[in-house]
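Please look first at the assembly as a whole, and then at the surfaces through which its chains meet. The account below moves from a single chain to its contacts with its copies.

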Protein chains: 6
Amino acid sequence: MIYLTRREHFNAAHRLYNKTWSDEKNFEVFGKCANPNWHGHNYELFITVKGDPDPNTGFIINAQELSRIIKTRIADKLDHKNLNIEVDFLKDVLPSTENVCKAIWEQLEPYIVNGKLHCVKLQETENIYAEYFGE
Amino acid sequence: MIYLTRREHFNAAHRLYNKTWSDEKNFEVFGKCANPNWHGHNYELFITVKGDPDPNTGFIINAQELSRIIKTRIADKLDHKNLNIEVDFLKDVLPSTENVCKAIWEQLEPYIVNGKLHCVKLQETENIYAEYFGE
Amino acid sequence: MIYLTRREHFNAAHRLYNKTWSDEKNFEVFGKCANPNWHGHNYELFITVKGDPDPNTGFIINAQELSRIIKTRIADKLDHKNLNIEVDFLKDVLPSTENVCKAIWEQLEPYIVNGKLHCVKLQETENIYAEYFGE
Amino acid sequence: MIYLTRREHFNAAHRLYNKTWSDEKNFEVFGKCANPNWHGHNYELFITVKGDPDPNTGFIINAQELSRIIKTRIADKLDHKNLNIEVDFLKDVLPSTENVCKAIWEQLEPYIVNGKLHCVKLQETENIYAEYFGE
Amino acid sequence: MIYLTRREHFNAAHRLYNKTWSDEKNFEVFGKCANPNWHGHNYELFITVKGDPDPNTGFIINAQELSRIIKTRIADKLDHKNLNIEVDFLKDVLPSTENVCKAIWEQLEPYIVNGKLHCVKLQETENIYAEYFGE
Amino acid sequence: MIYLTRREHFNAAHRLYNKTWSDEKNFEVFGKCANPNWHGHNYELFITVKGDPDPNTGFIINAQELSRIIKTRIADKLDHKNLNIEVDFLKDVLPSTENVCKAIWEQLEPYIVNGKLHCVKLQETENIYAEYFGE
């Protein structure tokens, strides 16, 4: 069993906001992250796939193919977008690093057929990242 | 003459949009950067001050003091903000990396009194940055 | 179960020195790291907490709160300090990367009450880091 | 149980090429990575050893000694070399990131006698890396 | 006058070799960099263009357009190639970091028509880079 | 004229302290950097040499030779040392980033005979660095 990781990027706007709370409560909990005029990040996405290398190629999964899957299914839907209001698979998701990370796993997992999705790591800033392993 | 550089950060939302153009023209020129729902970045700001070190301290400018000036005059006004609509010194500025870089210089320069402001470098992504030297 | 990691920093002096050994033995084993006049590092600390995100916030633990806990309990006690002689929770600890890493876990673990401490990673240089998972 | 990681480097040439396939098939599968005139990378190698710190030294393994083992057994054999044709322990190995990572484990594992080899991570570019844990 | 920098990449093989010297002389001067079986690097290329931002766009040069020019004129010709034998504009150039940097300037300069090429920076490893300013 | 830069490292202890001031004054000006028990950093040193490449080698200066000069004249004297009390060329120098940067220039400049020393850049943390160009 070997693990292969591919990094991709997207730049997006978001805010942290619970619709069932008052604005005061949102600012109390989320601070400046609740700004109704949005803020944004350069997100880095690390996708890890595990499996046995194919003896003919030495690949668990072709990294170019993995890159295309991540771009088509994830990065193209998130890049230069507003995570709160424009992304089909984030509808009704409060876009914390943790929640977006898990939503990316659920979106991506069915498309990883060579090897098995092992980890989604989403880095929001150089100081904060989340990881999800599917359970 | 020695040059001292201090790095600070801010995370912000923006869009590239020329108000005098149609939406079609904006998308043609700016592509996905024109998204009306915004996108955002982790901006890194490198401020370089030049001067002769004070013989008593070895400092051109105390780096803690420089950090405080950058935070008070620049980063606190930009962090977790929308660069198009919330920042006093960016009013009527199309927030390209180049324009924001120059606007930061103009805002910051009067407050650098120990040493002289030499360069404002603004990094928008790991692939793009702008620099302004005041002329 | 999601994992959230927060990075913090501290700059400190130390030396590697076993009090029960002669100076010769210390230099033989630790080389220049045994220098009695000390040396130092920019330490990077990565704290990983695991848990289920709170449905109201999307957070395992508020990253700002996590940052405050790490600063108060760990970084403020280590930053700009001498690890051999000034830190209460490193008394009688030979400050190798491994030992400091484990000591930080023991110090921090009781204060992580939202989520559960999963990993302390301590990076001493760009070439060396230690990780401890609590057992 | 604590985990200690040491980073080392090597710069090497390689190509992805299955000798049992036609050139056309190789280009179809490996694209420009099949270039018969080679290409190359700055590889970063992260070796993780696990164990209990020695009470006398605070070390699982002396990081200087670990560095020497990695250099002698691995990096000196790969640095400024052609991975397809010059490395004894890569003979008949298609040098994908996955395969080289696993071959490094098999080469290195017998020499780690203080502590136990836990992970070999091989980073080929800033966007791709493989990890092997020995099973 | 503002300066805009765009980063691109290419991975390539090369060797340092003076055709007019004996193999012994080449190994004496270039050491392992003279290996006849090649070695390689992940090169990072930083292209800096200077000019006044267009009032309509805020751009010296559209960074997407700059990226396309660098890719078409430079990176596509160097990526996954052998710098000694496959690159038209490096024919008869000893591919040291310095010489490749200068050759990229000469190749790229005529195509930068919005703004003016200011600097080509070519990073060969994390420890070595060259810069050329056109004179 | 091409510019070649080589990076080297050293880890050292220091404190900021003006001997002619009281302890109170030192703490008022330098804050925690005045700690009498020292603190330390992982310093990164970037040495830039300018010149015309030798037609026979493509080098301004052989980067391996440059590395040896920097190590012998600078890094070996600073690595794992106390900058306030152990370094001959820092005697009576208050070891601020600015002052150490300039002292390194003066120490190194006579030994750069292939090409001409252009810049010494000394990075103390990821947020602070100084540069000196010799005048």
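What follows describes the fold of one chain and then two interfaces in turn.

The coordinates belong to a predicted model, and chain A serves here as the starting point. The secondary structure of chain A consists of three helices and five strands, and, read from the N terminus, these elements follow the order β-α-β-α-β-α-β-β. The C-alpha trace of chain A spans about 60 × 25 × 25 Å along its principal axes, and 60% of its 135 residues count as buried. Among the contacts in chain A with a separation of 6 or more, 68% are accounted for by residues 24 or more positions apart.

How is chain B related to chain A? A rotation of 180°, with 0.0 Å of shift along its axis, superposes chain B on chain A with an RMSD of 0.0 Å. The two copies are therefore related as by a two-fold rotation axis. The contact itself draws 24 residues from chain B and 24 residues from chain A, and because 100% of the interface residues of chain B are also interface residues in chain A, the copies meet through the same surface.

The area buried between chain B and chain A is about 1800 Å², with carbon and sulfur atoms giving 43% of it. Of the area that chain B buries against chain A, B:Asn37, B:Asn42 and B:His80 supply 31%, which is more than any other three residues. Across this interface of chain B and chain A there are 21 residue pairs in polar contact, together with four salt bridges; in one salt bridge, the side chains of B:Asp79 and A:Lys32 meet at 2.6 Å, N to O. On the side of chain B that touches chain A, at least two residues each come from β1 (2–14), β2 (39–51), β3 (81–82) and β4 (116–125) of chain B. Sorted by class, that side of chain B comprises five nonpolar, 11 polar and eight charged residues.

The second interface joins chain F and chain B. Here a rotation of 120°, with 0.0 Å of shift along its axis, superposes chain F on chain B with an RMSD of 0.0 Å. The two copies are thus related as by a three-fold rotation axis. Within chain F, the residue that comes closest to the rotation axis is F:Glu126, whose C-alpha lies at 8.8 Å.

The contact between these two chains takes 19 residues from chain F and 18 residues from chain B, and they bury about 1600 Å² between them, 54% of it on carbon and sulfur atoms. F:Glu98, F:Asn127 and F:Tyr129 supply 36% of the area that chain F buries against chain B, more than any other three residues. Across the interface of chain F and chain B there is one salt bridge, and the side chains of F:Glu126 and B:Arg7 meet in a salt bridge at 3.0 Å, N to O. Eight residue pairs are in polar contact across the interface of chain F and chain B. The elements of chain F that give two or more residues to the side touching chain B are α1 (23–30), α3 (97–108) and β5 (128–132), and of these β5(F) gives the most, with five residues. By class, the side of chain F that touches chain B divides into 10 nonpolar, four polar and five charged residues.

Notes. Residues numbered from 1 in each chain as written. Chains lettered and ligands numbered in written order. Predicted model: local features only at pLDDT ≥ 70, side-chain atom pairs only at ≥ 80, totals over all residues. Heavy atoms only, no water. Contact = heavy atoms within 4.5 Å. Buried area = accessible area lost by both parts, 1.4 Å probe. Polar contact = N/O pair within 3.5 Å; in protein donor to acceptor, adjacent residues only side chain to side chain. Helix = DSSP H or I, 4+ residues; strand = E, 2+ residues; numbered from the N terminus. Nonpolar A, V, L, I, M, F, W, Y, C, P; charged D, E, K, R; others polar. Least-squares fit on C-alpha atoms with pLDDT ≥ 70 in both. Buried < 20%, exposed > 50% of the residue type's maximum accessible area, 1.4 Å probe, protein only.
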